[in-house]
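Please open the model in your viewer and set the display to cartoon. The stops below are best taken in order.

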Amino acid sequence: MRKRWLHSLVALGTCAFVCGVFAEQPNIIFILTDDLGYGDLAVMGHPYVQSPNIDRLAHEGLLLEQAYSAGAWCSPSRAALMNGVYPAREFNVNNWELSADRPTLTSMLKEAGYATAHFGKWHMGEDEGVSPPAAYGIDENFGTQSTGPVWTDEEMAESHHRERTAARYVDLSIDFMTRKKDQPFFINLWVHNTHAIVNPTDEQLAVYDDLQVSIADFEDPLQRDFQEFIAEHGNVTNAMRAFCADVTAVDNEIGRLLSSLAALGLEDNTIVVFTSDNGPAPYLKVGERDLLIPRFEKSPKLMNSVGSAGPYRDRKSSLHDGGIHVPFFVRWPGKVPSGIDSSTVFCGVDLLPTLAGLVDGVAAPEDIDGEGLSAAWLGTPQERVTPLFFCDKPGWSALRDGKWKAHLQRDTIRLYNLDEDLSESNDLAGAISPLPTGFRNVKVTMKSTSVRLKRIKT
Ligand SMILES: [Ca+2]
């Protein structure tokens, strides 16, 4: 695991501003996967997955090793990417609607002259009367879990529908950038892979016909998960074949997108960002099957995920790193140096202000939580001004400040040193007194924000 062959970051970016590289507005393609874990790509150390196209993005661009989603599950994470605000501050957990009162990445870019599109899963408001993606400055959109336009019921009933969606979204993206190539454009390509149901076609599955899983190939936290999985299902190989096939399927589609980008002559002036909205999904045990929603009832095993959080503890819905620490790559040839930045702590809330720092005529709102980290993208690692805060449901919040990560659950505080304890297994809260600077008021800080979220919920 973690046998990465990327070389270390070499700072090349010092002339970026001086040389006037922003004279022409860059296009931006933002690829968001769904429930893809930190360890679920070959470049991130997965022992079986074949992901050559996404890996190429990482190799040609910058890999931010300390990158987080702002939420531990889909909706809050996505809202934060769009408006740069912590989910705990104002995300409406009653109807999952993205705030219509704030500027978003797309509305700001549209105002700056960009053609804007969203293709794929939305999941920031789909109830009747909720604002559609078009209300957020998006010129063209198509996908799911919004007030439209979306797939028809007939299309969704087709065999392996979910496994064919990425191809449609990439078709739409290619068509959009072909028509808009003479003006700056922004595309949200938010695919469904690798969210359950993971049910690849025979053709997609054939890549992994010969795969046999050895759980010793994975980090300790996942070995324990797999032992439980095997105890219930007999083996983990079939589920792993399906999961790997789902990653490779979307990788093929991303390869097709990148080839078209190059064929259009747009590769050098396009920022491509790749990440995931949260960690790998948990698998359901026998006693939890009553939680299955109707669409999974016929195939409960397909609800399960064998995605990998690498060395990190827990999975989706957890504020341990396994739920929120995600793969994150940025490619911008000639501007963003290739390599690994292992020190800059980046979060989904930072995407809007960071991109604002790379596009002329766009200024991030002052009252957001994200920090502009464009200098890190251009080759100079940055320290955050404020600690990262996580809270997307009542009763559990977390802070990350440098190497320290603190959790507050109910009245209990736990503290971990991530430099020495990636799996957050050695609680130092009782051993260190006083707490490190920045955490002395941690209870007050986290509780006050948690209380705000609780009020929204009720
Ligand atoms: Ca998700």
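Begin by selecting residues 115–121, strand β3: 7 of its 7 residues are buried, so the strand is largely enclosed by the rest of the structure. Please bear in mind throughout that this is a predicted model.

Next, add residues 185–190, strand β5, which pairs with β3 in the parallel sense over 6 bridges. To find the register, display A117 together with I187 of β5, its bridge partner. Then add strand β4, residues 140–144, which is joined to β3 by 5 bridges, also in the parallel sense. Here F119 may be selected with F142 of β4, which stands opposite.

Now move to the helices. Select α1 (residues 52–60) and α9 (residues 237–263), whose axes come within 7 Å and cross at roughly 55 degrees. The two helices are therefore oblique to each other. Show the side chains at their contact: P52, N53 and I54 on α1, and D251, I254, G255 and L258 on α9. By character, these contact residues comprise 4 nonpolar, 2 polar and 1 charged.

The last stop is an open sheet of 4 strands, antiparallel in its pairing and ordered β9-β10-β11-β12. Select 388–390 for β9 and 412–417 for β12: these strands stand at the edges with a single partner strand each, so one side of each has no neighbour in the sheet. From one strand to the next, the twist averages 15 degrees. Finally, add β10, residues 396–401, which runs antiparallel to β9 and is joined to it by 3 bridges. Within this pair, L388 stands opposite R400 of β10.

Note on methods. Residues numbered from 1 in each chain as written. Predicted model: local features only at pLDDT ≥ 70, side-chain atom pairs only at ≥ 80, totals over all residues. Axes fitted to C-alpha atoms, helices over the stretch in contact; angles between N-to-C directions. Parallel < 35°, antiparallel > 145°, perpendicular 65-115°, else oblique. Contact = placed C-beta atoms within 7 Å. Nonpolar A, V, L, I, M, F, W, Y, C, P; charged D, E, K, R; others polar. Buried ≥ 20, exposed ≤ 12 C-beta atoms within 10 Å, placed from the backbone. Pairing = 2+ DSSP bridges.
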